[in-house]
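Open the structure in your viewer and keep the selection tool ready. The tour goes from the ligand to the protein interior.

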Amino acid sequence: MKRIQGWGNTETDYPVPEPAKNYLKNVVGEPITQRNISLEELLKKIPSSRLPEHPLITTDPEERLRHARGQSLNDWIDMLDGLIDSFPDGIAYPESEEDVRELINFAKEHKINLVPYGGGSSVVGHLTPPKEGPPTLSVDLAKMNQLLNFNEENFEATIEAGARGPDLEAQLEKHGYILGHFPQSWEYSTLGGWIVTRSVGQQSYHYGRIEPLFVTGHMETPSGPIDMPHVPKSAAGPDLRHILLGSEARLGILTRATMRIRRLPEEEHFYSAFFPNFQAGYQAMREIAQAELPLSMLRLSDPLETETNLQLAGKENLIKIAKKGLSLFGQGEQRCMMIYGLTGDPANNRLADQQLAHYVHKHQGMVVRFYIGKTWEKSRFHTPYLRNTLWDLGYALDTLETALPWEKIKPCQESILKDIEHGLEDKNEPVFVFSHISHVYTNGGSLYISYLYRRSENPQETLDNWRKLKGLASERIVTHGGTISHQHGVGLDHKPYLSSEKGPLGMRMIENLIKDIDPQGIMNRNKLVDID
Ligand SMILES: Cc1cc2nc3c(=O)[nH]c(=O)nc-3n(C[C@H](O)[C@H](O)[C@H](O)COP(=O)(O)OP(=O)(O)OC[C@H]3O[C@@H](n4cnc5c(N)ncnc54)[C@H](O)[C@@H]3O)c2cc1C
């Protein structure tokens with residue numbers, strides 16, 4: 001069963017091995033174990049629903065709690081430390097486009113704020129109901145999850161927007177096909193959520209981001225239904241698909257999408273390479289991306305992330321031997337790990353692997369084809385469960401991301417790492433921070449930062465610390481010319497920084513579009529832009 005507090009299902013855990021606990025104590029300090037707020041206490045906080053009755057709506061308190069937040073660190077502080085102060089007034093589980101239309105009409109009639117709910121995996125506050133204003137109805141698309149049409153001739157499939165990653169791929173796999181969109185939240189996140197937040201899967205290097213996979217879709221909006229044209233490419237004016245992509249529920253509810261699909265790959269491998277330092281790995285990574293080698297993923301961890309990954313792998317003796325071996329080959333304390341993926345037919349994969357090895361060796365690296373890549377593959381969707389364990393141990397973990405042109409990546413990375421590391425120095429609180437580069441393009445790549453600090457006895461202080469660190473990093477991203485989000489979207493947390501990317505006219509265009517489609521302001525109020 002899906003957890004109400006934390007990530008994932010209640011049956012899965014990610015135990016932290018004892019040596020890794022000691023490692024964390026050394027770098028972040030002895031944690032102060034906190035009690036999480038109980039479900040009973042949370043349920044007591046829920047006020048009565050302000051919604052008029054409707055046969056499609058439940059106001060069951062537990063359902064309201066389940067849909068109250070996503071997965072950002074401030075969502076966690078709300079749900080596990082009990083700072084939560086706003087809840088949806090009810091939940092609807094539409095089963096058809098008619099149901100969705102009915103709910104939109106009901107919301108227009110009664111001035112209700114609608115928040116579509118996909119997998120609830122947003123990490124930027126997309127789902128938080130506003131504290132003030134009209135009642136909020138969460139519209140959970142879970143019952144709209146079917147493959148509606150499989151078109152082998154066009155390599156396309158039409159799928160309902162509420163399909164979660166595993167359900168969606170299982171339905172395509174029966175036909176021998178794959179969408180290939182694997183965000184780390186894949187276990188729960190949905191097709192509709194991916195499209196409206198412009199998400200990026202781990203193998204975007206091969207399958208592409210969600211944008212090129214999205215062919216056409218159907219959205220129910222407060223101004224009526226809209227169907228995108230179904231054509232392979234078009235020069236007929238601005239591309240309306242790009243208005244739905246990233247619309248973050250401000251324009252309507254996406255009910256189905258036709259997606260580009262591919263035949264299942266004949267084989268897939270994940271391997272690793274090590275470099276003596278980050279500069280060497282960075283050069284190799286840029287040259288590989290610019291040579292456009294047919295890989296399916298590339299990720300380069302900095303020295304601290306490399307070490308942390310090795311520590312958390314849990315195989316103490318094996319890792320000791322591996323480190324000794326790596327050192328013998330010149331990959332010492334500053335070593336950086338690269339994980340790469342090969343997806344496709346065996347002959348092309350072999351060739352790509354040989355070409356990659358050339359760049360790795362050119363930059364004093366070494367390829368390691370056993371154990372590490374396989375381990376990454378096996379745990380790729382399990383790793384998010386680590387956050388539950390760390391939280392219970394007394395550590396708050398958050399991640400953030402941006403994308404920049406190649407020449408700006410390292411300066412931006414260095415200044416964010418420095419700012420976060422020293423961000424709580426005035427309180428004498430260490431912050432442990434590390435990063436990787438992934439999702440590379442010929443002209444740049446995305447920078448992904450993880451940071452860890454101790455929870456405080458006072459939840460408000462844990463929240464204030466998060467605000468400070470997130471604010472410092474967001475300011476740095478903007479001043480270095482990065483995007484405020486390469487993959488997570490805008491929601492609430494990135495909203496203050498959107499205008500520096502879009503400019504005043506760009507903001508006006510977005511705001512006017514929303515006002516025009518949703519004049520009463522019933523769709524996901526106060527997210528993305530402020531116009532309510
Ligand atoms: C552990 C973890 C790992 C993650 N890894 C990645 C990653 O690798 N790549 C990445 O891009 N993101 C990642 N994310 C972020 C998140 O998974 C994505 O933003 C994802 O696209 C959200 O999908 P969802 O279905 O969970 O949407 P939700 O969180 O339910 O909703 C997000 C927003 O989309 C709206 N929405 C949802 N469905 C619809 C619909 N049908 N119509 C209209 N609006 C809708 C909601 O109202 C909300 O505004 C991760 C998150 C977590 C917690």
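A polar contact here is a pair of N or O atoms within 3.5 Å. The model is predicted, so local features need pLDDT of at least 70 and side-chain atom pairs pLDDT 80 or more, while totals for chains, interfaces and linings use all residues. Residues are numbered from 1 along each chain as its sequence is written, and side-chain values use heavy atoms, without hydrogens and water.

Select the ligand and Gly-193: a backbone N or O atom of this residue lies 3.4 Å from a ligand oxygen atom. Add Thr-197, where an N or O atom in the side chain is 2.9 Å from an oxygen atom of the ligand. At Gln-487, a polar backbone atom is 3.2 Å from a ligand oxygen. The protein buries 96% of the 970 Å² that the ligand exposes when taken alone (Shrake-Rupley accessible area, 1.4 Å probe).

Next, show the 35 residues that surround the ligand, meaning those with a heavy atom within 4 Å of it. Pro-116, Gly-118, Ser-121, Ser-185 and Thr-190 are the closest. Helix H7 supplies five residues, the largest share of this shell (helices are DSSP runs of H or I, at least four residues).

Now select Tyr-451. Which residues does Tyr-451 touch, leaving out those up to four places away in sequence? Among them are Ile-420, Phe-432, Trp-466 and Lys-470, with contact meaning heavy atoms within 4.5 Å.

Definitions and conventions. Polar contact = N/O pair within 3.5 Å; in protein donor to acceptor, adjacent residues only side chain to side chain. Helix = DSSP H or I, 4+ residues; strand = E, 2+ residues; numbered from the N terminus.
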